[in-house]
Amino acid sequence: NNNRISILIVTPQKIFLIILLSLSSFIFSKENSLEGTIAQHWSLKTSEGKFEHLGNYTASIDSDWTKDGDRKVIVMSFFASWCQPCIKEIGELHKIQKKYKDAPVQFFLVNLTDFFRHREKDIKIYRDAPDAIEFLGKKGLADITVLQDPTGRTARAYGVYDVLPRLFVIDKYGTVAMDETGLCSTCLKDELAPLLDELIAD
């Protein structure tokens, strides 16, 4: 009988290496987290050509608020159309935005598709990536305001380089309250809503 059964032997050394790599990734993410810092100002165009500014929604606690309406909590996700985890995250944010449609929360998606397309012209996945707005429309996810960052200037200001998605929550006073790198489904389902409730009440 030529049939063979392959047995995967997991040694203590391999288990230790897996744990070490996972822990290193976690520590790296936390060390580079912007949680607790003042959010960098940004001014970006929407897909309709209108400028949006962080200062339209947040301001430091000791500054006079002169805008129409109240301060708002900001939820912003950096994404690209070629990034499948990004699309999954946007799907979850789509549901959460519906839940908070009457609350002082503003959702934004920061589009880096063209930034990667121009930076990495020789890499097929970036070069051939579909137009982000059309792609989201086909997925039924076009209801969150998309901000264009074709030069990556805002991405760099927030330490966003190669790992997507990157999710930030900024409170009404301009402080970063959440910074998550990569898709974290449990964070979105179990942590984001309670955090928004807390920040809205503040």
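This passage describes the fold, the nonpolar core and the disulfides of a predicted model of one protein chain.

The protein chain contains 7 helices and 7 strands, and, read from the N terminus on, its elements follow the order α-β-β-β-α-β-α-α-α-β-α-β-β-α. The chain thus opens with a helix that is followed by three strands in a row, and at its other end two consecutive strands precede the closing helix. When contacts between residues at least 6 apart in sequence are considered, 68% of them join residues that are at least 24 apart.

Of the 202 residues of the protein chain, 41% count as buried. The accessible surface of the chain amounts to about 12100 Å², and carbon and sulfur atoms account for 54% of that surface.

In soluble globular proteins, nonpolar side chains tend to be buried together. In the present model, the largest nonpolar core comprises 53 residues, and the members that touch the most other members of this core are Phe78, Leu164 and Leu196. The surroundings of Phe78 can be described further: leaving aside residues up to four places away in sequence, this phenylalanine touches Cys86, Val110, Leu112, Asp149, Thr154, Ala155, Tyr158, Val160, Leu164, Pro165, Arg166 and Phe168. Leu164, itself one of the three core members named above, is therefore among the residues in contact with Phe78, for which heavy atoms within 4.5 Å are required.

A disulfide is a covalent bond between the sulfur atoms of two cysteines. A search of the whole structure finds 2 disulfides, and, when the bonded cysteines of the protein chain are numbered in sequence order, their pairing reads 1-2, 3-4.

One disulfide is formed by Cys83 and Cys86, whose sulfur atoms lie 2.3 Å apart, and with an angle of 85° about the S-S bond this link is right-handed. Cys83 has a relative accessible area of 4% and Cys86 one of 0%; both values fall under the 20% limit, so both cysteines count as buried. Cys86 also appears among the residues that Phe78 touches, and Phe78 belongs to the largest nonpolar core.

The other disulfide joins Cys184 to Cys187, with an S to S distance of 1.9 Å. The link of Cys184 and Cys187 is likewise right-handed, with 65° about the S-S bond, and Cys184 and Cys187 are both buried.

Conventions: Residues are numbered from 1 along each chain as its sequence is written. This is a predicted model: local features need pLDDT of at least 70, side-chain atom pairs count only at pLDDT 80 or more; totals for chains, interfaces and linings use all residues. Side-chain values use heavy atoms; hydrogens and water are left out. A nonpolar core is a set of buried Ala, Val, Leu, Ile, Met, Phe, Trp, Tyr and Cys residues joined through side-chain atoms within 4.5 Å. Buried means under 20% relative accessible area, exposed over 50%, partly exposed in between (1.4 Å probe, protein chains only). Helices (H or I, at least four residues) and strands (E, at least two) are DSSP runs, numbered from the N terminus. Accessible areas come from the Shrake-Rupley method with a 1.4 Å probe; for residues, only the protein chains shown count as cover. A disulfide is a pair of cysteine sulfur atoms within 2.5 Å.
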